[in-house]
Amino acid sequence: DGHKVVYLGFNPEADASVKDVKFRQAVDVAVDRNAITRQLLRDTAIPTGQILAKVTFGYDESRKPTPYDPARAKQLLAETGYRGEAISLQYSNDFIASADAVASAIAGYLRAVGINVKLEGMEYNSFYSRWASKKLGGMHMFVFGPSLLDGDVPIFSIFASKGSRSYLNDPKVDQLA
């Protein structure tokens, strides 16, 4: 097993739509991880339901990937203020294996439920400098593979308010972390 996890991140400061937790939940259930893994990646990856890789201390075997449910995604989306505005999905197209194909598939799933996605692939150095300085747009696809295989690293750097890579400022999340 590898220790890298590809994930979708959100920047609520860059796009008001992604501030709504129901919008983010709609994105979560709109993507068919199994189909992407099976058809695009030819089973060279394993869908996961958490930022922690299987080899990481703190990995929870009971957390399964979110089931694909486009009807639920449409329902959740209808409960938000989203009205079809274009939302960027930025990613490094030269750092993640098959990044263009995976990002296109994700965009297709999101468009199928009514989310207007604008793909913005860029070379790694441009992407990383924007990511590290917290200047990415509404959504981004990136990979996390800590050198220390301890759950504290991704949880506190990506999710906690004071994390070096966090786009979120939520006391509830901080308490859970």
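**Exercise 1. Contacts and overall shape**

Task: In this predicted model, work out what share of the contacts with a separation of 6 or more comes from residues 24 or more positions apart. Then compare the radius of gyration with the globule rule.

Solution.
- Step 1. Residues 24 or more positions apart account for 72% of the protein's contacts with a separation of 6 or more.
- Step 2. List the elements. There are seven helices and four strands. From the N terminus, they run β-α-α-α-β-α-β-α-β-α-α.
- Step 3. The radius of gyration is 15 Å, close to the 16 Å that the globule rule gives for 177 residues, so the protein is as compact as a globular protein of that length.
- Step 4. The C-alpha trace spans about 40 × 40 × 35 Å along its principal axes.

**Exercise 2. The nonpolar core**

Task: Find the helix that gives the most to the largest nonpolar core, then trace the contacts of L110.

Solution.
- Step 1. Size the core. It holds 46 residues. Those with the most contacts inside it include F23, I106, L110 and M139.
- Step 2. Helix α4, residues 99-112, gives the most, with eight residues.
- Step 3. Leave out residues up to four places away in sequence. L110 then touches V27, A30, V31, I115, V117 and M139.

**Exercise 3. Helix α1**

Task: Name the buried residues of α1, their cover and the N-terminal cap.

Solution.
- Step 1. In α1 (residues 21-30), F23, A26, V27, V29 and A30 are buried.
- Step 2. Their cover includes β1, α3, β2, α4 and β4.
- Step 3. D20 caps the N-terminal end of α1. One of its side-chain oxygens lies 2.8 Å from the backbone nitrogen of K22.

Notes: Residues numbered from 1 in each chain as written. Predicted model: local features only at pLDDT ≥ 70, side-chain atom pairs only at ≥ 80, totals over all residues. Heavy atoms only, no water. Core = buried A, V, L, I, M, F, W, Y, C linked by side-chain atoms within 4.5 Å. Buried < 20%, exposed > 50% of the residue type's maximum accessible area, 1.4 Å probe, protein only. Helix = DSSP H or I, 4+ residues; strand = E, 2+ residues; numbered from the N terminus. Contact = heavy atoms within 4.5 Å. Polar contact = N/O pair within 3.5 Å; in protein donor to acceptor, adjacent residues only side chain to side chain. Rg over C-alpha atoms; globule rule 2.2 N^0.38 Å.
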